[in-house]
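Please read this briefing with the chain displayed alongside, since each group of points below is meant to be followed in the viewer. The topics go from the chain as a whole to individual elements and residues.

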Amino acid sequence: PTFDRGMSSLTTNTTVSSSCLEYLLLAAVQQYQALSTELEWDESTLHSKLQELGEHLGIRVLEKLVKDHARFHRELDIIKFLCKDFWNHCFNKNQVDKLQTNHKGTYVIHDYYFPWIKKISSSNSMPSHDANTAEVKVALLYLNITAGLIRGAIKNLGRIATVTVEIQQYPKCFFTIKMPKDPKTSIEKSPATTDGATQDT
């Protein structure tokens, strides 16, 4: 599979920034793939390493993004902030497409056309099933960086979380966030939020 680097226009700062980010992501994924081959990582280890990279980025992004915000007081406020403000800042989308929660510390963020994977394409000579499988395999590399970004952002807001990502029908994806109900993980850094995507139970 290849990553289509073509951009229709670079007339705005947003477009230029998005283009630079795409090249940076491509370089990072290629570097980690090379390391994976050299060090004989399995797929799970490669995904874990990409999440660690994303976590470091998420911590830094959040530091800048929330510096002028008031404190959060609820776990759900953190999630709503991620679904709208964080999503808009990082991925240039107004908000996620759907948010679900069981009200017990588990949240599922749905994105029906995630920007970082929408340009991934496979060889036209490949059978459709194999091409789709290859696209998903490459997409998961970028999406695990995203999962790390989310985890890092939550960590910077004073909470601990695990984040996993799945693709059921490419390019739709969803991120499952699990935040333990532990008083020791009380919110220490908690900027306020605005309402985010539609929330389901």
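In what order do the elements of the chain run from the N terminus on? The model is predicted, and in it the order reads β-α-α-α-β-β-β-α-β-β-β, which amounts to 4 helices and 7 strands.

**The chain overall**
- Of the 201 residues in the chain, 45% count as buried.
- Among the contacts in the chain with a separation of 6 or more, 68% are accounted for by residues 24 or more positions apart.

**Helix 2 against helix 3**
- The axes of helix 2, which covers residues 43-65, and helix 3, which covers residues 75-91, come within 11 Å and cross at roughly 100 degrees.
- That crossing makes helix 2 roughly perpendicular to helix 3, because an angle of 65 to 115 degrees falls in that class.
- On the helix 2 side, Val-61, Leu-62 and Leu-65 take part in the meeting of the two helices, and from helix 3 they are met by Phe-81, Asp-85, Phe-86, His-89 and Cys-90.

**Two residues of helix 4**
- Asn-144 lies in helix 4, which spans residues 128-156, and Ile-145 is found in helix 4 as well.
- Asn-144 has a relative accessible area of 6% and is therefore buried, given that the cut-off for this class is under 20%.
- The side chain of Asn-144 is joined to that of Gln-51 by a polar contact of 3.2 Å.
- When neighbours within four places in sequence are left aside, the contacts of Asn-144 are His-47, Leu-50, Gln-51 and Val-165.
- Ile-145 has a relative accessibility of 1%, so this residue counts as buried.
- With neighbours within four places in sequence again set aside, Ile-145 is in contact with Leu-25, Val-29, Leu-50, Leu-53, Gly-54 and Trp-116.
- Ile-145 and His-56 are 89 residues apart along the chain, while their C-alpha atoms are separated by 9.9 Å.

**The hairpin of strand 2 and strand 3**
- Strand 2 (residues 98-101) and strand 3 (residues 106-111) run antiparallel and are joined by 4 bridges.
- Within this pairing, Lys-98 stands opposite His-110 of strand 3.
- The covered face of strand 2 consists of Leu-99 and Thr-101, whereas Lys-98 and Gln-100 make up the uncovered face.
- The hairpin has 4 residues between the strands, and His-103 takes a positive phi near 60 degrees in it.

**Cysteines**
- The count of disulfides, for which two cysteine sulfur atoms would have to lie within 2.5 Å, comes to 0.
- Cys-90, at 13% relative accessibility, counts as buried, and Cys-90 is also among the helix 3 residues that meet helix 2.
- Cys-173 likewise counts as buried, with a relative accessibility of 2%.

**An exposed lysine in a loop**
- Lys-181 has its place in the loop between strand 6 (172-178) and strand 7 (199-200).
- Because its relative accessibility is 59%, Lys-181 counts as exposed, the cut-off for that class being over 50%.
- Apart from neighbours within four places in sequence, Lys-181 is in contact with Glu-75, Lys-104 and Gly-105.
- From C-alpha to C-alpha, Lys-181 and Ile-160 are 9.6 Å apart in space, with 21 residues given as their distance in sequence.

How values were computed:
Residues are numbered from 1 along each chain as its sequence is written. This is a predicted model: local features need pLDDT of at least 70, side-chain atom pairs count only at pLDDT 80 or more; totals for chains, interfaces and linings use all residues. Side-chain values use heavy atoms; hydrogens and water are left out. Buried means under 20% relative accessible area, exposed over 50%, partly exposed in between (1.4 Å probe, protein chains only). A polar contact is a pair of N or O atoms within 3.5 Å; within protein, one must be able to donate a hydrogen and the other to accept it, and residues adjacent in sequence count only if both atoms are side-chain atoms. Contact means heavy atoms within 4.5 Å. Two strands pair if DSSP finds at least two bridges between them. Axes are lines fitted to C-alpha atoms, for helices over the stretch in contact, and angles run from 0 to 180 degrees between N-to-C directions. Angles under 35 degrees count as roughly parallel, over 145 as roughly antiparallel, 65 to 115 as roughly perpendicular and the rest as oblique.
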